[in-house]
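Colleague: I am new to this one. Can you walk me through the model?

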Amino acid sequence: MCTPLPSSLSPSQAFDRYEAIRHRLPKAAAPGAATSVADLGAVSAEYDAFVFDAYGVLNVGERPVAGARDRVDALRAQGKHVLVLTNAASFNRAETLEKFQKLGFDFSADEIISSRAVCEQHLGAVNGVARWGVAAPAGFDPSDLPVEAETLGDDAAIYADVDGFLLLSSAEWTAARQTLLVQSLRSAPRPLVVANPDLVAPRETGLTLEPGFYAHAVADTLGLDPQFHGKPFPSVYDEVERRLAGIPPARIAMIGDTLHTDVLGAQARGWGSVLICDHGLFAGLDVRPFITQSGISPDWIAPSI
């Protein structure tokens, strides 16, 4: 039987849920010192490359964070490499670039790494899947993917006919569709691939439930092992390090708003980490009790970049 799922989570509930699925996440390395600084200007000399999360760091929903563009420009002026590593998987490559342009940033396509793009590189290697059923945003075109795909809706026959499931977006996902997914996988286990491992994302109106939330709920119910692409899982870090070839891991800093994705993933790779606490998951909260409880401690804590 499926446990009824909530329609939203508070920051504390999201943290508790991350702790509950901790056994599926990479192992943390040695904790950082969690030194408080005013902004990235205080630590720019420590690193050669800065890898930015998007939501809660560069933007909140459709609103850019004040001063974020200026900070990115300042780091470039110092000769630093800047990249974006985003778990937002609703957009294809062109749409992702356009999104950041609309927010006022001037990142090039080569400076943006999305979990969806990395996930797409791995879909062809999933054994036994000729056709994918996709949890997708409104207006999704299956031909955008490099594999044969069909959008998952409310027709149980589609769930039965596909060879594997891909979770890109939860924007159109419903409790009824989650039930169809669980029922279909229970009757015929197949691969479940997740292009956005986040449990929640900060928006202007609060936290939205993301594909990772629904994937972990399936895993809890059925005992299967989803394949995740995105922070904190390895494939996206492989791509970052490929693009930053020659820079030692300790000279790369991940800038994010969550402990269990941004900081944990960075520490698993030997990167530095900066937790941003004013705009994302921990906005308005004292982050230090969460650090103590989880044992995931960043190198630095800053209110904004």
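Colleague: What distance separates the centres of domain 1 and domain 2?

Modeller: Keep in mind that this is a predicted model. The centres are taken over C-alpha atoms. On that basis, domain 1 and domain 2 have centres separated by 26 Å.

Colleague: Which residues belong to domain 1, and which to domain 2?

Modeller: The bounds come from the domain assignment of the protein. Domain 2 covers 128–228. Domain 1 is given as two segments, 32–118 + 232–302.

Colleague: How many residues from domain 1 and from domain 2 does the contact take?

Modeller: Both domains contribute to the contact. Domain 2 gives 16 residues. From domain 1 come 20 residues.

Colleague: How much area do domain 1 and domain 2 bury between them?

Modeller: The size of an interface is often given as the accessible area lost when the parts come together. Here, carbon and sulfur atoms carry 58% of the buried area. The total for domain 1 and domain 2 is about 1,400 Å².

Colleague: Which residues in domain 1 lose the most area to domain 2?

Modeller: Three residues stand out on that side. Together they make up 34% of what the domain 1 side buries. They are Asn-87, Arg-116 and Phe-233.

Colleague: How many residue pairs are in polar contact across the interface of domain 1 and domain 2?

Modeller: Salt bridges first: the rule finds 0 across this interface. On the domain 1 side that touches domain 2, the residues divide into 6 nonpolar, 10 polar and 4 charged. For polar contact across the interface, the rule finds 6 residue pairs.

Colleague: Now the aromatic rings. Are the rings of Tyr-47 and Phe-50 stacked or edge-to-face?

Modeller: The count comes to 10 aromatic pairs. In the pair of Tyr-47 and Phe-50, the ring centres are 6.0 Å apart. Their planes stand at 85°, and over 60 degrees counts as edge-to-face. So this pair is edge-to-face.

Colleague: Is Tyr-47 buried or exposed, and is Phe-50 buried or exposed?

Modeller: Buried means under 20% relative accessible area. Tyr-47 has 6%, so Tyr-47 is buried. Phe-50 has 0%, so Phe-50 also counts as buried.

Colleague: What is the angle between the planes of Phe-100 and Phe-107?

Modeller: Both Phe-100 and Phe-107 are buried. Their rings lie 5.9 Å centre to centre. The pair is edge-to-face, with an angle between the planes of 85°.

Colleague: Which residues form one aromatic cluster with Phe-15?

Modeller: The cluster holds Phe-15 and two other Phe residues. Those two are Phe-282 and Phe-290.

Key:
Residues numbered from 1 in each chain as written. Predicted model: local features only at pLDDT ≥ 70, side-chain atom pairs only at ≥ 80, totals over all residues. Heavy atoms only, no water. Domains from an automatic or database assignment. Contact = heavy atoms within 4.5 Å. Buried area = accessible area lost by both parts, 1.4 Å probe. Salt bridge = Lys/Arg side-chain N within 4 Å of Asp/Glu carboxyl O. Polar contact = N/O pair within 3.5 Å; in protein donor to acceptor, adjacent residues only side chain to side chain. Nonpolar A, V, L, I, M, F, W, Y, C, P; charged D, E, K, R; others polar. Phe/Tyr/Trp six-rings, centres within 6.5 Å; stacked < 30°, edge-to-face > 60°. Buried < 20%, exposed > 50% of the residue type's maximum accessible area, 1.4 Å probe, protein only.
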